[in-house]
Amino acid sequence: MDQVLSLPYRPEDLSACLSIFDGNVPRFFSPEERVEFIQFLGTVDHAANPYLLLTLNGSVVACGGLSINAATRTASLSWGMVDEAYHRRGLGTRLTEERLNLARSLPDLVEVTLATSQHTYEFYERHGFKVAKITADGFAEDLDRYDMMLRLA
């Protein structure tokens, strides 16, 4: 039986995460975002911005983070992605639920935000997020930015 585990990101997971990113370009991410993603992974601090991996039978198949801003009592879902070979198998839902459960476990958080595209905003609506703003070509040409929010309290 397949076993999906949620584990914290480690620097040695960099190549697996970059492979997942590369497989999601250009539909979900622009190629120019790769440098920003690498920089983000270099700053992962599990207290301030935990980054999670989902593994399936020992292989990394999804990754995504939660960036916490204690001053504003908010968190944002960051850099969530599933290996393209595993799309539409429930792993995106599992990754989102893991991150939302983490957010809900932090007593002072009142809101979770995210920025996504026209390709995935409906997925996040199914998890209770509401569109706050749409910016045409906000990530890249033909890749619109949807800013979304979910109230926790």
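Visitor: Which residues does Ala75 touch, not counting residues up to four places away in sequence?
Guide: This is a predicted model: local features need pLDDT of at least 70, side-chain atom pairs count only at pLDDT 80 or more, and totals for chains, interfaces and linings use all residues. Residues are numbered from 1 along each chain as its sequence is written, and side-chain values use heavy atoms, with hydrogens and water left out. Contact means heavy atoms within 4.5 Å. With residues up to four places away set aside, Ala75 touches Leu66, Ser67, Ile68, Leu109, Glu111, Val112 and Thr113.

Visitor: Is Ala75 buried or exposed?
Guide: Buried means under 20% relative accessible area, exposed over 50%, and partly exposed in between (1.4 Å probe, protein chains only). Ala75 has a relative accessibility of 1%. It therefore counts as buried.

Visitor: What is the bridge partner of Ile68 in strand 4?
Guide: Strands (E, at least two residues) and helices (H or I, at least four) are DSSP runs, numbered from the N terminus. Two strands pair if DSSP finds at least two bridges between them. Strand 3 (residues 59–69) and strand 4 (residues 74–82) pair in the antiparallel sense over seven bridges. Across that pair, Ile68 is bridged to Ala75.

Visitor: Which residue in the hairpin of strand 3 and strand 4 takes a positive phi near 60°?
Guide: This hairpin has four residues between the strands. The residue with a positive phi near 60° is Arg73.

Visitor: Which side chain makes a polar contact with the side chain of Glu111?
Guide: Glu111 lies in strand 5 and is buried, at 17% relative accessible area. Leaving aside neighbours within four places in sequence, its contacts include Ala75, Met149 and Arg151. A polar contact is a pair of N or O atoms within 3.5 Å; within protein, one must be able to donate a hydrogen and the other to accept it, and residues adjacent in sequence count only if both atoms are side-chain atoms. At 3.4 Å, the partner of the Glu111 side chain is that of Arg151.

Visitor: Which residue stands opposite Cys63 in strand 4?
Guide: Strand 3 also pairs with strand 2, in the antiparallel sense over six bridges. On that side, Cys63 is the bridge partner of Leu53. In strand 4, Cys63 stands opposite Met81.

Visitor: Which strands stand at the edges of the sheet?
Guide: Seven strands form an open, mixed sheet in the order 1-2-3-4-5-7-6. Each edge strand has a single partner, so one of its sides is left without a neighbour in the sheet. The edges are strand 1 (4–8) and strand 6 (130–140).

Visitor: At about what angle does helix 3 run to strand 3?
Guide: Axes are lines fitted to C-alpha atoms, for helices over the stretch in contact, and angles run from 0 to 180 degrees between N-to-C directions. Helix 2 (residues 33–41) lies across several strands and runs at about 120° to strand 4. Helix 3 (residues 91–104) also lies across several strands, among them strand 1 and strand 5. Its angle to strand 3 is about 30°.

Visitor: Within what arc do the buried residues of helix 2 fall?
Guide: The buried residues are Glu33, Phe37, Phe40 and Leu41. They line one face of the helix, because seen down its axis they keep within a limited arc. The arc is that of the directions from the helix axis to the C-beta atoms. Its value for helix 2 is 95°.

Visitor: Which residues of helix 2 are exposed on the other side?
Guide: The buried residues pack against helix 1, strand 2, strand 3, strand 4, strand 6 and strand 7. On the other side, the exposed residues are Val35 and Gln39.

Visitor: What is the radius of gyration of the protein?
Guide: The protein has four helices and seven strands. The radius of gyration is taken over C-alpha atoms, and the globule rule is 2.2 Å times the number of residues to the power 0.38. For 153 residues the rule gives 15 Å; the protein's own value is close to that, so it is as compact as a globular protein of that length. The radius of gyration is 15 Å.
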